[in-house]
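Student: Could you take me through one part of this model in detail? I'd like a close look at the ligand site.

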Amino acid sequence: MSILIQNGTLFLPAGPEKADLRLEGEKIAQIGPDLPQGGSRVIDAAGKLVFPGFIDTHTHFEMNKDTPRETADNWSTGTRAALAGGTTCVLDFAEPRRGHSLHSALRVWHDRADGRASCHYGFHMTIKDWDPRIRAELREMTTAGITSYKIYMAYAPMRVSDAVACKVVRAVGEEGGVVGCHCENGDLVDCGIAAMHAAGRFAPEAHPASRPAAVEGEAVNRWLAISESAGYPVNIVHLSTRRGMEAVRSARLRGQSCYVESCPQYLLLDESRYRLPGFEGAKYVCAPPLRPLSDQEALWEALEDLEVDTIGTDHCSFRFDPVKKLGEGDFAAIPGGVPGVEHRAELLYTYGVAAGRLSAHQMMRLLSEQPARLFGMYPQKGALAVGSDGDITILDPGASHFITAAEQYQNVDYTPYEGMESRCRVDTVLLSGEVAVENGRVVRENRGRYVRRGPAQFWR
Ligand code: DUC
Ligand code: ZN
């Protein structure tokens with residue numbers, strides 16, 4: 001099948017250009033002005049913005065499966081929501097059980113995702129243990145297309161020592177991959193929670209105070225020292241503070257190469273949400289927590305200055321009732337995570353591009369090109385270029401609306417962005433050259449495929 005996208009503004013690697021784009025089968029076949037229709041089906045993109053399909057670098061579908069703390073979105077609902085939001089590829093976190101092999105997690109994640117996903121997908125692999133057996137598995141992971149990993153500095157069942165972190169960064173670096181880290185100092189988080197409890201503070205308002213900026217700042221500094229010692233660049237996931245950003249800036253000034261992901265919740269929501277009446281604040285409990293407005297401002301400045309490399313969602317959707325309510329007597333027992341996979345592009349466009357803080361070309365770099373490079377998919381994905389995959393997202397900047405849970409695809413009973421204005425709409429999405437979203441509605445499901453990724457392509 002051949003499709004011709006006419007009259008749109010295309011976000012090409014070098015910049016925006018008014019041109020046409022033809023897809024033949026699964027690939028982009030032609031880009032240029034005034035392409036003849038030939039026998040192609042025409043999509044009129046006049047007045048619309050045409051991007052390489054967006055990549056969400058950070059999702060958690062079917063987390064805590066078969067437990068009371070299971071996430072609301074599974075691979076079917078989560079990837080449908082992603083697609084509706086213009087995301088054509090997600091990178092989800094596969095998690096082996098402690099003491100189990102990386103292969104075991106890879107098998108489980110494939111079992112869950114294969115045949116059910118509506119957008120393409122890959123897996124980052126979480127490392128909780130380190131021994132010669134896991135080390136040996138890295139090579140097989142590379143062959144299986146897993147070239148990115150994650151470790152945690154917080155959460156008792158997950159966190160690893162600095163020595164292990166250093167060995168992981170070195171070993172993954174030797175494989176051509178990249179390691180991301182959840183940068184919060186786990187001991188300080190434990191202390192912070194204990195201090196809140198000792199002060200009789202059990203409500204969601206205590207959550208941000210239990211994990212202040214210093215907890216992230218110290219961890220980012222340490223992670224960067226680990227990276228320097230190991231001799232390979234690293235990624236920092238869900239950066240939320242000025243302190244963290246300052247640590248990144250200092251390291252880069254010293255000549256170190258590192259990469260930063262932030263998320264819409266840290267750019268658009270602030271810690272006052274935890275003081276909402278009743279138990280409403282629980283909806284916003286995530287780790288790291290939402291921050292004061294001054295941190296939000298620092299992250300926007302960093303985005304404007306091209307210091308942030310990717311925007312993932314950390315989509316981790318728990319139903320408010322009954323799952324978030326498991327923590328009604330104690331904020332520390334509230335399952336941490338917020339939904340967002342569906343709303344990322346609309347939010348970044350509205351509060352970044354339409355607000356004059358980012359160009360649409362920068363948005364393309366944050367949501368498509370840089371994720372594809374860092375995670376070994378470029379230029380197959382992340383680029384409007386001849387020969388690249390036919391994964392394309394068309395935004396209509398003329399279609400304002402309000403975000404609401406009542407209209408979302410996400411399988412969860414709220415959205416943290418309820419009532420916020422979107423000054424665009426995801427109009428059309430093509431997945432591997434086929435129309436998968438039309439007029440904002442998903443029209444083609446379960447066609448997502450596993451993406452076997454190559455080595456990280458560093459540009460810093
Ligand atoms: N933080 C969250 O809030 N949820 C999922 C995992 C994480 O690190
Ligand atoms: Zn996460």
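Tutor: One definition before we start: a polar contact here is a pair of N or O atoms within 3.5 Å. Keep in mind too that this is a predicted model.

With that cut-off in hand, go to ligand 1. One of its oxygen atoms is 3.0 Å from an N or O atom in the side chain of H182. The backbone joins in as well: a backbone N or O atom of G336 lies 2.9 Å from a nitrogen atom of ligand 1, and a polar backbone atom of G337 is 3.5 Å from an oxygen atom of the ligand. As for how covered ligand 1 is, taken alone it exposes 240 Å², and the protein buries 96% of that.

Now step back to the whole shell. Ligand 1 is surrounded by H60, Y155, H182, H238, C286, A287, D314, C316, G336 and G337. Sorted by class, that shell has four nonpolar, five polar and one charged residues. The space that ligand 1 takes up is the largest pocket.

Two names in that shell, H60 and D314, turn up again at the metal. The zinc ion, ligand 2, has H58 (NE2), H60 (NE2) and D314 (OD) as its protein donors, at 2.0 to 2.2 Å. Along the chain, the zinc donors follow the spacing H-x1-H-x253-D. Both H58 and H60 are buried. So if you want a residue to start from on screen, try H60: it is one of the zinc donors and also one of the residues around ligand 1.

Key: Residues are numbered from 1 along each chain as its sequence is written. Chains are lettered from A and ligands numbered from 1 in the order in which they are written. This is a predicted model: local features need pLDDT of at least 70, side-chain atom pairs count only at pLDDT 80 or more; totals for chains, interfaces and linings use all residues. Side-chain values use heavy atoms; hydrogens and water are left out. Donors are N, O and S atoms within 2.8 Å of the metal (3.2 Å for Na, K and Ca); water is not among the atoms, so sites may look incomplete. Buried means under 20% relative accessible area, exposed over 50%, partly exposed in between (1.4 Å probe, protein chains only). A residue is near a molecule or strand if one of its heavy atoms lies within 4 Å of it. A polar contact is a pair of N or O atoms within 3.5 Å; within protein, one must be able to donate a hydrogen and the other to accept it, and residues adjacent in sequence count only if both atoms are side-chain atoms. Accessible areas come from the Shrake-Rupley method with a 1.4 Å probe; for residues, only the protein chains shown count as cover. On a 1 Å grid over the protein atoms alone, a cavity is a set of points where a 1.4 Å probe fits but cannot get out, and a pocket is an open set with protein on both sides within 12 Å along at least five of seven lines; lining residues have an atom within 4 Å of a point. A molecule sits in a cavity or pocket if more than half of its atoms lie within 2 Å of its grid points. Ala, Val, Leu, Ile, Met, Phe, Trp, Tyr, Cys and Pro count as nonpolar, Asp, Glu, Lys and Arg as charged, and the others, Gly among them, as polar.
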